[in-house]
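Here is a quick walk through one protein model. Have the sequence and the coordinates open while you read.

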Amino acid sequence: MSTLLALPLLAMAGPDFTIAATHPASWLLLVGYAFGLRLVSKAKSEHLWEPRDTDETRVDEPEEASAKGKGLLALWAGFVMLGLTVALCGYLVAQTGIGLVERVGISESVVGTLITAIATSLPELVTNVAAVRQGSLTLAVGGIIGGNCFDVLFLAFADFAYRDGSIYHAITNKQTFVIALTILLTGILLLGLLRREKSGVGNIGFESFLVLVLYFGGMALIALG
């Protein structure tokens with residue numbers, strides 16, 4: 001994800017160049033995402049690396065699925081309906097955010113970074129917490145990492161929809177700050193995965209505590225700015 005986020009930063013710092021009103025970095029984001037998926041699939045199929053059990057290894061023991069007995073078609077239908085519901089809610093959240101900017105006078109950066117971003121991320125939060133509580137730790141971590149990587153592609157889709165040139169050169173310093181902060185937070189989490197800390201602050205590891213401090217500190221700077 002950090003590699004994908006570096007592309008928008010390079011596009012912002014580079015010349016305002018577009019092809020059919022789309023910056024080449026948007027296409028590179030799509031190619032980079034597809035290439036990353038291929039690498040992950042190749043590493044799994046060719047066993048380029050394998051996890052090793054240790055005394056600290058915790059095996060996923062998911063609870064028995066509550067949907068037992070339902071047909072595959074019913075499960076897919078329910079999944080699609082829930083997905084469409086989330087999409088509709090996302091559109092309504094965006095319209096509500098625009099209304100807040102116009103009527104209340106709140107900065108677009110604040111509304112986008114704090115209000116709409118949190119609202120649209122709540123479904124992912126609920127999904128991952130539910131997965132953890134049911135013992136599906138791998139599913140939860142995969143959802144977090146995969147979801148964040150896919151979210152980066154929203155910049156490319158936004159650039160495709162923006163017809164007045166490169167969206168990367170319409171972005172303000174606050175958005176640049178958020179991208180840099182996201183890269184920093186991702187790096188801290190990766191270091192936490194490597195370090196495997198056993199103790200921390202309260203019930204969370206030190207890297208998680210540091211991520212919370214940096215995130216809320218960064219959001220406070222944006223709100224006050």
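## Cysteines

Let's begin with C89, which counts as partly exposed at 41% relative accessibility. C149 is another matter: its relative accessible area is 16%, so it falls under the 20% cut-off and is buried. How many disulfides does the structure hold? Zero. Keep in mind that this is a predicted model.

## Overall layout

The protein's secondary structure adds up to seven helices and two strands. Reading from the N terminus, the order of elements is α-α-α-α-α-α-β-β-α.

The protein has 225 residues, and 21% of them count as buried. Its accessible surface is about 15,900 Å², with 68% of that belonging to carbon and sulfur atoms. As for contacts between residues at least 6 apart in sequence, 68% of them join residues at least 24 apart.

## Two nonpolar cores

As a general point, nonpolar side chains tend to be buried together in soluble globular proteins. Here, the largest nonpolar core has 13 residues, and L29, V152 and Y168 are the ones with the most contacts inside it. Which helices each supply at least two residues of this core? Helix 1, helix 2 and helix 5 (137–161) do. Apart from this core lies another one, made of eight residues, including V110, L181, L185 and I222.

Take V152 for a closer look. Leaving out residues up to four places away in sequence, V152 touches M1, L4, L5 and L29.

## The loop between helix 1 and helix 2

Two alanines are worth a stop here. A20 lies in the loop between helix 1 (2–13) and helix 2 (24–45), and A21 sits in the loop between helix 1 and helix 2 as well. Most residues other than glycine have a negative phi. A20, however, has a positive phi, near 55°, and the phi of A21 is also positive, near 65°.

Are these alanines buried or exposed? A20 has a relative accessible area of 64%, which is over 50%, so A20 is exposed. A21 comes in at 18%, which is under 20%, so A21 is buried.

## I167, in a later loop

I167 has its place in the loop between helix 5 and helix 6 (173–195). With a relative accessible area of 17%, I167 is buried because that value is under 20%.

What does I167 touch, not counting residues up to four places away in sequence? The residues are L155, A158, D159 and Y162. There is a long-range pairing to check too: I167 and T22 are 145 residues apart in sequence, while their C-alpha atoms are 8.1 Å apart in space.

## A nonpolar patch on the surface

Now for the outside. L72, L75, W76, F79, V80, M81 and L84 make a nonpolar surface patch of about 790 Å². One of these patch residues, L84, is found in helix 3 (residues 72–104). L84 has 53% relative accessibility, which is over 50%, so L84 counts as exposed.

Note on methods. Residues are numbered from 1 along each chain as its sequence is written. This is a predicted model: local features need pLDDT of at least 70, side-chain atom pairs count only at pLDDT 80 or more; totals for chains, interfaces and linings use all residues. Side-chain values use heavy atoms; hydrogens and water are left out. A disulfide is a pair of cysteine sulfur atoms within 2.5 Å. Buried means under 20% relative accessible area, exposed over 50%, partly exposed in between (1.4 Å probe, protein chains only). Helices (H or I, at least four residues) and strands (E, at least two) are DSSP runs, numbered from the N terminus. Patches are made of residues with over 30% relative accessible area and no salt bridge: like charges are joined within 9 Å, nonpolar side chains (Val, Leu, Ile, Met, Phe, Trp, Tyr) within 5 Å. Accessible areas come from the Shrake-Rupley method with a 1.4 Å probe; for residues, only the protein chains shown count as cover. A salt bridge is a side-chain nitrogen of Lys or Arg within 4 Å of a carboxyl oxygen of Asp or Glu. A nonpolar core is a set of buried Ala, Val, Leu, Ile, Met, Phe, Trp, Tyr and Cys residues joined through side-chain atoms within 4.5 Å. Contact means heavy atoms within 4.5 Å.
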